[in-house]
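Colleague: Could you take a close look at one helix for me and tell me how its residues sit? A few words on the side-chain pairs elsewhere would be welcome too.

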Amino acid sequence: MTPRSALNRTLLALAGLVFLGGGLLILFAGLDLYRRHDLAPPAGWPLTNPADVLLGSADRARWSSQGWWWWPAVIAALVLTALLALWWLLAQLSRHRPGSLPVGGTPPQEGVELRDRALSEAIANEAGALPGVGHAAVVITGRPARHRTRIDLTLTPEGTPGATLGALCEGPIGTARRSTGLIDMPAEVRLQVSRHGPHRVE
């Protein structure tokens with residue numbers, strides 16, 4: 001798990017807990033479950049019966065008397081929160097790809113770049129031709145300086161994971177490193193076995 005995915009999952013978990021807690025409070029109060037089931041909520045517990053409101057008249061009067069700046073500050077905080085949430089959502093929807101990778105070698109090729117999609121297709125084509133591999137898909141993500149190659153291999157029933165991983169490192173990944181000069185080329189490989197229907201014997 002990358003630090004970014006761990007942060008995203010933590011934020012999603014916290015947001016889910018907040019919304020779940022708020023929804024349960026409203027549900028218990030709206031259905032009057034405390035009174036129906038003889039439950040005693042803690043002292044100062046908000047929303048204990050259908051007549052309760054989040055912000056009563058006394059609270060509204062108390063906050064309104066703070067000065068003219070109070071409501072603009074509340075509106076600005078809400079707008080800022082909404083903008084941050086929208087930015088985070090768009091960041092999750094967008095796929096981070098390096099676009100192009102610098103091509104090294106001896107000597108280094110200045111100004112020569114390789115599109116990440118072309119490199120992905122080359123690795124996928126070579127990996128798909130390995131013995132025991134039925135299908136290969138390759139995606140390169142991250143930034144050019146810190147990219148990561150994710151390889152998804154679907155093995156045939158005759159394929160073996162150990163031999164396939166060895167052939168992958170010596171073949172497609174080794175070829176990509178030699179052709180681009182990128183010695184530091186981290187790769188994540190995911191293996192699965194293709195499903196095949198039962199054979200009919202007559």
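Modeller: Arg-117 and Asn-125 are exposed on one side of helix H5. This is a predicted model, so please read what follows in that light. On the other side of H5 from these two, the buried residues are Asp-116, Leu-119, Ser-120, Ile-123, Ala-124 and Ala-127. Seen down the axis of H5, the buried residues fall within an arc of 130°, so they line one face of the helix. The general background helps here: an α-helix has 3.6 residues a turn, so residues three or four places apart point the same way.

The length of H5 can be checked as well. The helix covers residues 116–128, which is 13 residues, and at 1.5 Å a residue it should span 18 Å. Its end C-alpha atoms are 18 Å apart, in agreement with that expectation.

Now to the side-chain pairs, starting with the rings. The structure holds 1 aromatic pair. Phe-28 and Tyr-34 make up this pair, with 5.5 Å from centre to centre and 50° between the planes, and it counts as tilted. Tilted is the label because the angle is neither under 30 degrees, which would be stacked, nor over 60, which would be edge-to-face. As for their surroundings, Tyr-34 is buried at a relative accessible area of 11%, whereas Phe-28 is partly exposed at 27%.

Charged side chains come next. The count is 3 salt bridges. In one of them, Asp-32 is joined to Arg-35, and the closest N and O atoms are 2.5 Å apart. Here Asp-32 is buried, with a relative accessible area of 12%, while Arg-35 is exposed at 57%.

Another salt bridge links Arg-150 and Asp-152, where the closest N and O atoms are 3.8 Å apart. That pair still counts because the cut-off is within 4 Å. Arg-150 is partly exposed, with a relative accessible area of 31%, and Asp-152 is partly exposed at 24%.

Glu-188 and Arg-190 also meet through their side chains in a salt bridge, at 3.2 Å from N to O. Glu-188 is partly exposed, with 30% relative accessibility, and Arg-190 is partly exposed as well, at 42%.

To come back to your helix: H5 has its buried residues along one face, with Arg-117 and Asn-125 exposed on the other side.

Note on methods. Residues numbered from 1 in each chain as written. Predicted model: local features only at pLDDT ≥ 70, side-chain atom pairs only at ≥ 80, totals over all residues. Heavy atoms only, no water. Helix = DSSP H or I, 4+ residues; strand = E, 2+ residues; numbered from the N terminus. Expected span 1.5 Å × (residues − 1). Buried < 20%, exposed > 50% of the residue type's maximum accessible area, 1.4 Å probe, protein only. Arc of directions from axis to C-beta. Phe/Tyr/Trp six-rings, centres within 6.5 Å; stacked < 30°, edge-to-face > 60°.
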